[in-house]
Amino acid sequence: MQENYDVVIIGSGPAGTTTARIAAQNNLKVLLVDKKQELGSPIQCSGAISHHGLVSVGVSPEAEFIHEAIYGFDILNEKGDSKKIDYRQLKPDTYGAAADKNPLGYVVDRRRFDRYLMTQAERAGVEVWLKTEGLNYEVTSDGNCEVQLRRFNQELTVKTKVLVGADGLQSQVGKWAGLTTHIKLAELASCLQFIVDQVETNGLLEIITGHEWAPGGYAWIFPKGNGYAEIGLGVARTMTEQNAQWHLDHFMKNSFFKERFKNSKILEIQGGGVPLAAPLKTQYADNLILVGDAARHVNPITGGGLHTALSGGWIAGNFLGDFLASKVPATAENLKRYQDEWLVALGNKMWKLYGIKSQIFKTKDITKRDQMLYQTMSDYFSPDSEFKKI
Ligand SMILES: Cc1cc2nc3c(=O)[nH]c(=O)nc-3n(C[C@H](O)[C@H](O)[C@H](O)COP(=O)(O)OP(=O)(O)OC[C@H]3O[C@@H](n4cnc5c(N)ncnc54)[C@H](O)[C@@H]3O)c2cc1C
């Protein structure tokens, strides 16, 4: 017999698990599926997320998934001039390592983080199927839809009122509904990072700007706990003839940090694509909404998508609770309200960031462009940034 759900979610990354947990807390019957058998693996993420990004969606920062606490930023230009934004000094009453203070953020382990979020969803009543791939969906004449899945090599269909596409950057769910999900090559950063030993860090996320090191993106050094660090970068393939690996080698061997990296030992190599693009213009269709990377809920300046995946999931889960309780048909026209709510909470600021990012990378003069990016990054992470908490 075919199972019926209120909500079926494809993709158990941070966006999918958060949508699922919140929808279940709103008394909905939820099925969450992922084609992987081990969530968060292989790791394709540096794991930086703010304290606010976690607690604002009801996730408490647990040692179980945290590599290291973060207290601020160090923004560097192509020559190595640095602007430190250390919240331990700027706001000593709020931020610090003492028991009565909070870190500004964390570097999390994506394997353990994704599993933790999935467990929280399961404990809220969500049914989770791993090794289950979403294949397609079809709207049915009764106003619901059928979702075709392949679970352990066996095809089956489940019925749901709303399907949520939380299937990441390469989302197919949006395509099934005919939504425009295409991303321009110029707006896709190709990222690579090494997990290294013997590179010292000091509780700050270091961000290195400049065309010389990372054309169309930036390089980073993040603390990883236990004396490890992440050294990585993202480049726009339309702004360089070389690949990310060439640029990372060039940065490590020739930059102002070459002495610091001299004895580093590479323990792991990770990579992936990051959209430095605008949110999708339409994130809904009949019986369907998109969330997280699938909807391009990604910060177009920093490429950060963890906080925005969690907040998008929070918005989607709460929206679905109210929406399905109201018993209005799940047509595209009615589901547009989800996107409207998301735009007010987050999306309008992301569109503004996209405008700023486009201005920077449209600038032909490299020196001017480098200055603009350095200034924008410095402003973005400062305590009085208008984009704080995005
Ligand atoms: C190198 C790199 C570094 C990054 N560093 C950071 C960082 O430090 N901070 C930050 O905020 N962001 C970072 N990001 C971005 C961040 O990783 C993503 O924005 C975030 O993972 C998006 O979460 P999501 O839930 O939308 O998608 P994902 O985490 O991609 O999850 C999607 C899930 O959908 C599943 N799936 C896909 N298709 C199907 C299907 N058909 N059927 C079933 N399951 C399916 C996948 O298996 C996957 O588990 C980084 C990205 C990269 C590549």
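**A mixed sheet and a shared nonpolar core**

In this predicted model, strands β13 (residues 204–208) and β14 (residues 218–225) pair in the antiparallel sense, with 3 bridges between them. Across this pairing, Ile207 finds Trp220 of β14 standing opposite. Helix α6 (residues 244–254) packs on the sheet, where its contacts include β12 (188–197), β14, β15 (228–236) and β16. The direction of helix α6 makes about 125° with that of β15.

Stepping back to the whole sheet, 7 strands are arranged in the order β6-β5-β13-β14-β15-β12-β16. The sheet is open, and its pairing is mixed. Strands β6 (82–86) and β16 (265–275) stand at the edges; each has a single partner strand, so one side of each is left without a neighbour in the sheet. From one strand to the next, the twist averages 15°.

Attention now turns to the nonpolar core. In soluble globular proteins, nonpolar side chains tend to be buried together. Here, the largest nonpolar core holds 116 residues, and the members that touch the most others are Val7, Val30, Leu233 and Ile289. With 9 residues, helix α8 (residues 306–326) gives the most to this core. Both domain 1 (4–42 + 110–183 + 278–358) and domain 2 (66–108 + 184–275) give residues to the core, which therefore lies between them.

Ile289 offers a helpful local view of the packing. Leaving aside residues up to four places away in sequence, Ile289 touches Val162 and Val164, Gln283 and Tyr284, as well as Ala316, Leu335 and Tyr338.

Methods: Residues numbered from 1 in each chain as written. Predicted model: local features only at pLDDT ≥ 70, side-chain atom pairs only at ≥ 80, totals over all residues. Core = buried A, V, L, I, M, F, W, Y, C linked by C-beta atoms within 7 Å. Buried ≥ 20, exposed ≤ 12 C-beta atoms within 10 Å, placed from the backbone. Helix = DSSP H or I, 4+ residues; strand = E, 2+ residues; numbered from the N terminus. Domains from an automatic or database assignment. Contact = placed C-beta atoms within 7 Å. Pairing = 2+ DSSP bridges. Axes fitted to C-alpha atoms, helices over the stretch in contact; angles between N-to-C directions.
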